[in-house]
Amino acid sequence: MSTTICQVTGFIVSSLGVAGCIVSTAMDMWSTQDLYDNPVTAVFQYQGLWRSCVRQSSGFTECRPYFTILGLPAMFQAVRALMIVGIVLGILGLLVCIFALKCIRIGNMEDSAKANMTLTSGIMFIVAGLCAITGVSVFANMLVTNFWMSTANMYQGLQNVQNRYTFGSALFVGWVAGGLALVGGIMMCLACRGLIPEESRYKAVSYNASGRNISYKTGPYKVGSGYEPETKTRKGAGYEEAARSEDGRRSYPSKYDYV
């Protein structure tokens, strides 16, 4: 019962993690304009992985997609790739995990096959969670580096107006989603151990023959050439079972006993 609960809980947690990764990748607020020095502004800018947006004080929002791929920084493209890989692995893990649930019986699937599928889905969830956490962390590192560089330029007077960007809500969603996918994958791997059938161990047991001890004595055998016709034994009305003699040898009836 505990194995089933662990497996189902891991599936639910991993599903939430994969859904969070999808939402985080699609969100536009990966980086938001820092309003520490200018809390009142007519224009608020924020950027995502796929487009940048501008929101005016009147409430009108305009978004512009990135029409270039090669013009974007290499680390930015790496973040995109990590998030996409995490989503693909998470979806594949969910499909495998559905068929691996112990509460769902499909055909004559054995527990060993379900254990292998559970382990596979757990590894996929772990890798998906690591990809999401790594991608979000790389993007956060880029923001921190650009923030302090912009701050240094502003204090040195190199630029009069410099927009600084800080963490957006999509980063926190991505961190939480990656953690959920990671925890769900670990739970699936733990549930795999409970699905593996225990190996049966057979111990040698000595059996003693019960009942009377029967002793068999061998008598003389006649060696034939192998070409004699096979004699058929028949039971007649006068045929009686041979009785044992006192010395243990069996006495056979003669031809005169049938007259």
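The following paragraphs describe a residue of helix H1, the aromatic pairs and a nonpolar surface patch in a predicted model. Local features need pLDDT of at least 70 in this predicted model and side-chain atom pairs count only at pLDDT 80 or more, whereas totals for chains, interfaces and linings use all residues. Residues are numbered from 1 along each chain as its sequence is written, and side-chain values use heavy atoms, with hydrogens and water left out.

Thr-25 is found in helix H1, which spans residues 2-26; helices are DSSP runs of H or I with at least four residues, numbered from the N terminus. With a relative accessibility of 6%, Thr-25 counts as buried, where buried means under 20% relative accessible area, exposed over 50%, and partly exposed in between (1.4 Å probe, protein chains only). The side chain of Thr-25 reaches the backbone oxygen of Cys-21 at 2.8 Å. When neighbours within four places in sequence are left aside, Thr-25 is in contact (heavy atoms within 4.5 Å) with Trp-30, Leu-49, Trp-50, Met-83 and Ile-87.

Seven aromatic pairs are present in the structure, a pair being rings of Phe, Tyr or Trp (its six-membered ring) whose centres lie within 6.5 Å, with planes under 30 degrees apart counted as stacked, over 60 as edge-to-face and the rest as tilted. The rings of Phe-76 and Phe-139 have centres 6.0 Å apart and planes at 55°, so this pair is tilted. Because Phe-76 lies in helix H2 (residues 74-100) and Phe-139 in helix H3 (residues 111-156), the pair ties together parts that are 63 residues apart in sequence. Both Phe-76 and Phe-139 are buried, and together with Trp-30 and Tyr-66 they form one aromatic cluster.

For Phe-172 and Trp-175, the ring centres are 6.0 Å apart and the planes stand at 65°, so the pair is edge-to-face. Both residues lie in helix H4 (residues 169-195), three residues apart, about one turn of the helix. Phe-172 is partly exposed with a relative accessible area of 46%, and Trp-175 is partly exposed with 28%.

A nonpolar surface patch of about 880 Å² is made by residues including Ile-22, Trp-50, Ile-84, Val-88 and Phe-99. Patches of this kind join nonpolar side chains (Val, Leu, Ile, Met, Phe, Trp, Tyr) within 5 Å, from residues with over 30% relative accessible area and no salt bridge, and accessible areas come from the Shrake-Rupley method with a 1.4 Å probe. A salt bridge is a side-chain nitrogen of Lys or Arg within 4 Å of a carboxyl oxygen of Asp or Glu. Helix H2 gives the most to the nonpolar patch, with seven residues. Ile-84 has its place in helix H2 and is partly exposed, with a relative accessible area of 40%.

Note on methods. Helices (H or I, at least four residues) and strands (E, at least two) are DSSP runs, numbered from the N terminus. A polar contact is a pair of N or O atoms within 3.5 Å; within protein, one must be able to donate a hydrogen and the other to accept it, and residues adjacent in sequence count only if both atoms are side-chain atoms. Patches are made of residues with over 30% relative accessible area and no salt bridge: like charges are joined within 9 Å, nonpolar side chains (Val, Leu, Ile, Met, Phe, Trp, Tyr) within 5 Å.
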